[in-house]
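These are my notebook entries on one protein structure. I record what I looked up, entry by entry.

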Amino acid sequence: MSKNVVIIGAGVAGVNAATKLIDNQFDGQITIIDMGKDPYKRPYEEVMTGFLGAGGWSDGKLTYHTSIGGQLAKYCGEEKAMELMDQVIENFKRFHPKPEAVQCSNPIEEPDFIKPYFGLRLFPVWHVGTDYLHEIGKNWFNFLVEGGVDFKWETKVTDIDFEKNIVYIGDEKILYDELIFGVGKSGIDFGKKLAEKYELPTEPKSVQIGVRFEAPQEHFQKLIDVSYDFKLYRKFDDEGVSLRSFCTNNNAAYVAVEETYGDHSYNGHAKKDEAYRNNMTNFGILMEINGIDKPFDWSRNVVQSVNKNGTGLYYSPTRKPSTTSEGVDVSAVQINEDDLKQVREEFRGYFKYIDGFIDDMKKVFPTLKDDWGIYVPEVKYLSPEPLVNYNNLSLTKYEQVYFVGDALSARGITVSGAQGIYVAEKLIG
Ligand SMILES: Cc1cc2nc3c(=O)[nH]c(=O)nc-3n(C[C@H](O)[C@H](O)[C@H](O)COP(=O)(O)OP(=O)(O)OC[C@H]3O[C@@H](n4cnc5c(N)ncnc54)[C@H](O)[C@@H]3O)c2cc1C
């Protein structure tokens, strides 16, 4: 019997799923509902909603590694994950008006001088070319329309009845046999609402917490020459902890305060304009800690306990906090070595990993010595991820409903598209 597949979200996940179904002569009905516009009507500046979703319309850098862009290999294994990502890249080339213009930047081998202290994550990136994304969108859309996909544009799904297989658009009802839920970041609140309403079980999450490290760029130049936004990492598998440098900024690198739930934490950004050059480097030293009960509450408590006088902390053996790109001091209370002992306690034994990371950076970058500072804390609060069956991404509680893309665990175009294809392959059987 032919099936009626409804896809919510014409983002990269939904579009890749539909493409896979059509390529395999799927004999059911495919309906895609999106609150944004088709690629002929979608304005360039509408970056979040519409055909090809978020990054597929505005940026188009396709990362190609299973440890980048969220979790994929967790569900299907490394080899299958790479094969699925290949399919996504091929789809972008296939609808590209000039496929030969798609470039792959393939970084060189890990340099010897950082070994044995750190690993350096190097991964290929396919650059589709921002200028071409809108043409790709139109070609891809035409293919799907010709393949029989029924699109409903500027149509917001307001509710779903997982028990009775009904999608609601206000009062209008659409029935489905199989539902692919690919609403991306713009649908994050909708996903959360459904997860609460249906009490969907969730994946255990890790804690992601650390500090923002800052130092003059000259100390890191040797590594920056190899990899501009380098990603150092190390793992302590037995202890359930891994660390990584996160979001590296150079040249005109500034530390920024983030306010979340009323507390301060830190992040960084870089300016392109030469006028802002300060020759600094900053990056997060983020720990991923597994096995903590109630990771959200745990992180919140640590963040609260290292806020003082309404802001975060700054420690350096020699330096003062920097200024922001607007020229004002980065908000932070400067602490001394004694106060840092208190911070170590608030991190409940985990700060030793950050200490170790910094000590080893001093070995790898010999000029660094005491010429650095840290802003405490940096934190990523991970939103709950619904528990799915790993073999097809269907909800463990409702097996006709498949979560894909950013609505599940992805954080990137290639992984999101790959998840869409993975589901479609299972539907084809
Ligand atoms: C500005 C920007 C640039 C980015 N650049 C890159 C990049 O270069 N490389 C990279 O790998 N990643 C990038 N990303 C991240 C990447 O875009 C996402 O990880 C990816 O798009 C997720 O795909 P998705 O299909 O899950 O969701 P999306 O692509 O976000 O698509 C979701 C779709 O669902 C629709 N939708 C949401 N809620 C509803 C509802 N209730 N009813 C109907 N429709 C709904 C939206 O309109 C949207 O079209 C970027 C993100 C942004 C915002």
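Is Phe283 buried or exposed? I looked up its relative accessible area and found 0%, so Phe283 is buried. I note at the outset that the model is predicted.

**Entry 1: aromatic pairs**

I searched the whole structure for aromatic pairs and obtained 36. A pair of aromatic rings is described by the distance of the centres and the angle of the planes. I therefore wrote down both values for two of the pairs, beginning with Phe92 and Trp140. Their ring centres are 5.2 Å apart and their planes stand at 90°, which makes the pair edge-to-face.

I then asked where in the chain these two residues lie. Phe92 belongs to helix 4 (residues 78-94) and Trp140 to helix 5 (residues 133-146). The two are 48 residues apart, and the pair links distant parts of the chain.

I also checked the accessibility of both residues. Phe92 has a relative accessibility of 1%, and because the limit for buried is under 20%, Phe92 counts as buried. Trp140 is buried as well, with a relative accessible area of 0%.

My second pair was Phe220 and Phe283, which is edge-to-face, with 5.6 Å from centre to centre and 85° between the planes. Phe220 is in the loop between strand 12 (207-216) and helix 7 (221-224), whereas Phe283 is in strand 17 (residues 280-289). The pair therefore ties together parts that lie 63 residues apart in sequence. Phe220 has a relative accessibility of 0% and so counts as buried.

**Entry 2: a cluster of rings**

Which residues do ring pairs link into a cluster? I listed Phe113, Phe213, Phe220, Phe230, Phe283, Tyr315, Phe365 and Trp372. Phe220 and Phe283, the pair from my previous entry, are both among them.

**Entry 3: charges over rings**

I looked next for charged groups over aromatic rings. Lys222 lies over the face of Phe113, 4.3 Å from the ring centre. Phe113 is one of the members of the cluster. I also noted Arg348, whose charged end sits over the ring of Trp298 at 5.2 Å from the centre.

**Entry 4: cysteines**

How many disulfides are there? My count came to 0 disulfides. I looked up two cysteines for their accessibility. Cys104 has a relative accessible area of 33% and is partly exposed. Cys247 is partly exposed too, at 31%.

**Entry 5: the ligand**

I turned to the surroundings of the ligand and found 35 residues around it. Those that come nearest are Asp34, Gly55, Lys61, Gly412 and Ile413.

I then examined the contacts made by ligand oxygen atoms. A polar backbone atom of Asp406 is 2.8 Å from an oxygen atom of the ligand. For Gly412, a backbone N or O atom is 2.8 Å from a ligand oxygen atom. Ile413 likewise places a backbone N or O atom 2.8 Å from an oxygen atom of the ligand.

How much of the ligand's accessible area does the protein cover? On its own the ligand has 990 Å² of accessible area, of which the protein covers 87%. The elements that contribute two or more residues to the shell are helix 1 (12-23), helix 2 (55-58) and helix 11 (413-428).

**Entry 6: Thr414**

My last entry concerns Thr414, which lies in helix 11. Thr414 is buried, with a relative accessible area of 1%. A polar atom of the Thr414 side chain lies 2.7 Å from the backbone oxygen of Thr63.

Terms used:
Residues numbered from 1 in each chain as written. Predicted model: local features only at pLDDT ≥ 70, side-chain atom pairs only at ≥ 80, totals over all residues. Heavy atoms only, no water. Phe/Tyr/Trp six-rings, centres within 6.5 Å; stacked < 30°, edge-to-face > 60°. Helix = DSSP H or I, 4+ residues; strand = E, 2+ residues; numbered from the N terminus. Buried < 20%, exposed > 50% of the residue type's maximum accessible area, 1.4 Å probe, protein only. Lys NZ or Arg CZ within 6 Å of the ring centre and 35° of its normal. Disulfide = S-S within 2.5 Å. Near = heavy atom within 4 Å. Polar contact = N/O pair within 3.5 Å; in protein donor to acceptor, adjacent residues only side chain to side chain. Areas by Shrake-Rupley, 256 points an atom, 1.4 Å probe, with all protein chains shown as cover.
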